[in-house]
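Trainee: I would like to go through this model with you, beginning with the ligand and then turning to the protein itself.

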Amino acid sequence: MSGLATNYQVCIAGTGSYVPEKVMTNEDLAELVQTSDEWIFSRTGIRERRIAAEGEYTSHMASNAARKALEQAGLAAEDVQLIIVATITPDTLTPATACYVQQQLGASSAVAFDISAACSGFLYAMKICKRMISDGAFENALIIGAEKLSAFVNWEDRTTCVLFGDGAGAAVLRRAEKGEGAIVATEMGTDGNLTHLLNIPGGGSALPITQSNVGDHLATLAMQGKEVFKHAVTRMKQAAEKVIERAELKSEDIACVIPHQANLRIIDAIADRLSVPEGRVFVNLDKYGNTSAAAVAIALDEAHRSGAFKRGDHIVLVVFGAGLTWAAACVRW
Ligand code: COA
């Protein structure tokens, strides 16, 4: 490394995603808790979600998504320089899930670590890697959002268990050649005053799981849904506006908006407030529910492979999650 300041453009060279085979429909859930397809679909837009098989871990889903992204990018696993896994459902508290992924892919030259930013993690990872590639420290990076939320859901709580699912999405970032696309603008934010709105209270050092509290569902997701909803709409709208403005564009210039897939009513409210032209907001949460860090990554891959945007188009990714955290990116494809 020369030590000279550099400012390379960074492009997304490939995307991939993976969801487990097992489908759990709203009707299946109605057999577990007092709910209905009508309630779930009308409040959230979710019809079904995927559930990881026994013995299928977050790292396995992450590696499956990563292999597809590497294939599309034409990058061999042994040439990957950096792997970041965004997850709140790691295989183990330590080591990082990214270390298991490095081993599973055979990406033995890569530096690998996790970040924890809940549903915002994939775009946090994108920003970190963009900076590390643009300053010349790395030539490429693999970013992955992967979650096995089924292991951290209270299956007796109808207010949360209907919302979440399992899966993984990945993208290969690399130094862009002349004329290629680029990550044009990014935005991230956090409000640590609102940690209590959405969390997994137990299982960490603050509240370890012991023999006396093991039945209390402390290591499962807890949420104040209405409050989260309000903040999600405000923060995602602001973050998307910022990146569109920084890219010197208007919302009508954006070919595709890919939002965090948590709730269709949140997505509709953002689309409305941003005045995005009809039909330009990508939605797949009906099939997968909220897969936290994986959601926007899976949606990016599906939007890309389905032709929702093409070379030269500008797209906006925008997310929101526990923390509270939020982030957005404007990408010229
Ligand atoms: N099935 C049937 N009834 C349910 C239910 C379910 N799965 N979950 C809750 N209810 C009931 C409640 O008990 C309540 O009944 P009550 O009026 O008798 O007390 C009623 O439905 C309304 O509940 P409420 O919580 O007010 O519903 P809501 O309109 O706020 O919708 C969410 C709940 C969770 C769908 C909504 O708040 C939401 O989507 N929030 C954002 C959550 C999110 O996206 N989080 C992740 C961000 S990354």
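Trainee: Which element gives the most residues to the shell around the ligand?

Mentor: Bear in mind throughout that this is a predicted model. The elements giving two or more residues to the shell are α2 (37-44), α6 (158-161), α7 (225-246), α8 (264-274) and β12 (314-321). The one that gives the most, with four residues, is α7.

Trainee: Between which two parts of the protein does the ligand lie?

Mentor: The assignment used here includes a domain 1 spanning 10-175 and a domain 2 spanning 182-332. Both of them give residues to the shell around the ligand, so the ligand lies between domain 1 and domain 2.

Trainee: How many residues of each class, nonpolar, polar and charged, does the shell around the ligand have?

Mentor: There are 22 residues around the ligand, and those that come nearest are T35, R43, R158, K226 and N263. Sorted by class, the shell has nine nonpolar, nine polar and four charged residues.

Trainee: At what distance from an oxygen atom of the ligand does a polar side-chain atom of N263 lie?

Mentor: It helps to take this contact together with two others, in which the protein partners are R158 and K226. For R158 the partner is a backbone N or O atom, placed 2.9 Å from a nitrogen atom of the ligand, whereas for K226 an N or O atom in the side chain is 2.8 Å from a ligand oxygen. In the case of N263, the distance from its polar side-chain atom to a ligand oxygen is 2.6 Å.

Trainee: What percentage of the area that the ligand exposes when taken alone does the protein bury?

Mentor: The starting point is the ligand taken alone, which exposes 960 Å². Of that area, the share buried by the protein is 73%.

Trainee: How many disulfides does the count come to?

Mentor: The rule asks for two cysteine sulfur atoms within 2.5 Å, and two cysteines show how it is applied. For C11, the nearest cysteine sulfur is that of C129, 13 Å away, while for C119 it is that of C161, 17 Å away, and neither C11 nor C119 is in a disulfide. By this rule the count of disulfides is zero.

Trainee: Does C119 count as buried or exposed?

Mentor: A residue is called buried when its relative accessible area is under 20%. C11 meets this at 5% relative accessibility, and C119, at 7%, likewise counts as buried.

Trainee: How many of the 13 residues of helix α10 are buried?

Mentor: Helix α10 covers residues 293-305 and is mostly covered. Its buried residues include A293, V296, I298 and L300, and also D301 and E302. Out of the 13 residues, the number buried is 11.

Trainee: Which residue has its backbone nitrogen 2.8 Å from a polar atom of the side chain of N140?

Mentor: N140 lies in strand β6, residues 140-148, and is buried, with a relative accessible area of 7%. Its side chain reaches the backbone oxygen of D79 at 3.0 Å. The backbone nitrogen 2.8 Å from a polar atom of that side chain belongs to Q81.

Trainee: Where is P95 placed, and what is its relative accessible area?

Mentor: P95 sits in the loop between β4 (82-86) and α4 (97-105). Its C-alpha atom is separated by 25 Å from that of R131, 36 residues apart along the chain. P95 is partly exposed, and its relative accessible area is 38%.

Conventions: Residues numbered from 1 in each chain as written. Predicted model: local features only at pLDDT ≥ 70, side-chain atom pairs only at ≥ 80, totals over all residues. Heavy atoms only, no water. Near = heavy atom within 4 Å. Polar contact = N/O pair within 3.5 Å; in protein donor to acceptor, adjacent residues only side chain to side chain. Areas by Shrake-Rupley, 256 points an atom, 1.4 Å probe, with all protein chains shown as cover. Nonpolar A, V, L, I, M, F, W, Y, C, P; charged D, E, K, R; others polar. Domains from an automatic or database assignment. Buried < 20%, exposed > 50% of the residue type's maximum accessible area, 1.4 Å probe, protein only.
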